[in-house]
Each structure stands twice: as C-alpha cells, then as structure tokens.
Amino acid sequence: MNIGNNYENLNDFKSSINYYTEALRSKELIKSGEFNAQLELNTDFDKDYQYRVYDYEVLFERGTAYMHNNEYMKAISDLNSLIETGKMVGDAYFYIGECYLKMDDTLSACENFDLSKKYGISEAINRAKDYCE
C-alpha cells in the first residue's frame, strides 16, 4: 500500500491504482471483521505483521485515487464497498458526494454530503452549504 501512496503523492494515479489493486489481492491483507492480534513478548521490531493493512484502508485509498483520476464510477464502487465494511463511513459518503459533484449530479452529491454530516465530517457541512442550500 505504501508504494501506491507514494505514486498518489506524485499524482500518478494510474500507478497508485495498480498498486492498491495488488494490495487488495494480497494474502497478507486483513479483511474487515477479522481479529488480528499479535502478542509481542520481546522488543524486536520490524516484524512482518507490523506492515499488514486492512482491506478498508486500501479501498479508501484506491477509491480516492480513482476519483482523482476522473474514474468516478469506480471510485463510487470502492467507496460503497468501504461503507459495507462499517469503517470510515463518513469519509466514504463525503468522497462519493465529491464524485457526484464532478459528474454534475448535485442531488446525489447532496444526499451523500448529508449522510457524511451525520458522521461529523466538517468538509461535508461546508460542501452542503455551498451546493445544497
């Protein structure tokens, strides 16, 4: 996932999407809802388990990369999958709203901003003021 983040920071969204997709296929990826705990009995660091990530984190990153790459329907798909995990729900609704704004669907954007506001996302409050009132 870190390589995908690096490419996203360079605005190379196609490469970042490819790395996020590979991360989602990884057997090391922790699925939402799985319990993952490691008992650390010594002070060794840099263990493999410290680099595992959750699927919802990758879905969020890939979804926003799709959005920045103007692939709005793919972004919405990943962000809806994120909502299904129950993680980062307010953020997902906010970015879905952003996608709909980019597609000139203000009604759907406002619906998602309203949902995002319920999770306390302050950017959604501002967007709703700008586009929905």
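## Starting at Phe 113

Let's begin with one residue and work outwards. If you skip its neighbours within four places in sequence, Phe 113 is in contact with Phe 94, Gly 97, Glu 98, Leu 101, Ala 124, Arg 127, Ala 128 and Cys 132. Keep in mind that this is a predicted model.

Phe 113 also turns up in the largest nonpolar core, where it is among the residues with the most contacts. The others named there are Val 58, Leu 79, Leu 82, Ile 83, Ile 96 and Cys 99.

## The overall picture

Stepping back, the protein has 7 helices and 0 strands. Read from the N terminus, its elements simply go α-α-α-α-α-α-α.

The protein has 133 residues, and 38% of them count as buried. What about contacts between parts of the chain that lie apart in sequence? Taking contacts between residues at least 6 apart in sequence, 49% join residues at least 24 apart.

## The core

Nonpolar side chains tend to be buried together in soluble globular proteins. Here, the largest nonpolar core has 33 residues. Several helices chip in: α2 (13-25), α3, α4 (72-85), α5, α6 (106-117) and α7 (122-131) each supply at least two residues of this core.

Which helix gives the most to this core? That's α5, with 8 residues. The next sections look at how α5 packs against other helices.

## α5 against α6

Two packed helices are described by the angle between their axes and the distance between the axes. For α5 and α6, the angle is about 165° and the axes are 8 Å apart. Angles over 145 degrees count as roughly antiparallel, so that is what α5 is to α6. The crossing of this pair is left-handed.

On the α5 side, the contact is made by Gly 90, Tyr 93, Phe 94, Ile 96, Gly 97, Glu 98, Tyr 100 and Leu 101. On the α6 side, the residues are Ser 108, Ala 109, Asn 112, Phe 113, Leu 115 and Ser 116. Sorted by class, this contact has 8 nonpolar, 5 polar and 1 charged residues. Phe 113, our starting point, is one of the α6 residues here.

## α5 against α7

Next up is α7. It packs with α5 at an angle of about 30°, and the axes are 10 Å apart. That makes α5 and α7 roughly parallel to each other, and their crossing is left-handed.

Where do they meet? Phe 94, Glu 98 and Leu 101 in α5 meet Glu 123, Ala 124, Arg 127 and Tyr 131 in α7. The class count for this contact is 4 nonpolar, no polar and 3 charged residues. Phe 113 is in contact with several residues from this list, including Phe 94, Glu 98, Leu 101, Ala 124 and Arg 127.

## α5 against α3

Helix α3 covers residues 55-68, and helix α5 covers residues 89-102. These two pack at an angle of about 15°, with their axes 10 Å apart. Roughly parallel is the label for this pair, and the crossing is again left-handed.

Phe 60, Thr 64 and Met 67 of α3 make the contact with Asp 91, Tyr 95, Glu 98 and Cys 99 of α5. By class, that gives 4 nonpolar, 1 polar and 2 charged residues. Cys 99 is also one of the core residues with the most contacts.

## Two loop residues with positive phi

The loops have something to show as well. Met 88, in the loop between α4 and α5, has a positive phi of about 55° although it is not a glycine. With a relative accessible area of 28%, Met 88 is partly exposed.

Asp 104 sits in the loop between α5 and α6. Not a glycine either, Asp 104 has a positive phi of about 60°. Is Asp 104 buried or exposed? At 69% relative accessibility, Asp 104 counts as exposed.

## Tyr 19 and Leu 107

Two more residues round off the tour. Tyr 19 lies in helix α2 and counts as partly exposed, at 37% relative accessibility. Leaving out residues up to four places away in sequence, Tyr 19 touches Ile 3, Gly 4 and Tyr 7. The C-alpha atoms of Tyr 19 and Gly 4 are separated by 5.0 Å, and the two residues are 15 apart along the chain.

Leu 107 belongs to helix α6. Its relative accessible area is 61%, so Leu 107 is exposed. Leu 107 and Tyr 131 are 24 residues apart along the chain, with 9.2 Å between their C-alpha atoms.

Note on methods. Residues numbered from 1 in each chain as written. Predicted model: local features only at pLDDT ≥ 70, side-chain atom pairs only at ≥ 80, totals over all residues. Heavy atoms only, no water. Axes fitted to C-alpha atoms, helices over the stretch in contact; angles between N-to-C directions. Helix = DSSP H or I, 4+ residues; strand = E, 2+ residues; numbered from the N terminus. Parallel < 35°, antiparallel > 145°, perpendicular 65-115°, else oblique. Left-handed = near helix turned anticlockwise from the far one by under 90°. Contact = heavy atoms within 4.5 Å. Nonpolar A, V, L, I, M, F, W, Y, C, P; charged D, E, K, R; others polar. Core = buried A, V, L, I, M, F, W, Y, C linked by side-chain atoms within 4.5 Å. Buried < 20%, exposed > 50% of the residue type's maximum accessible area, 1.4 Å probe, protein only.
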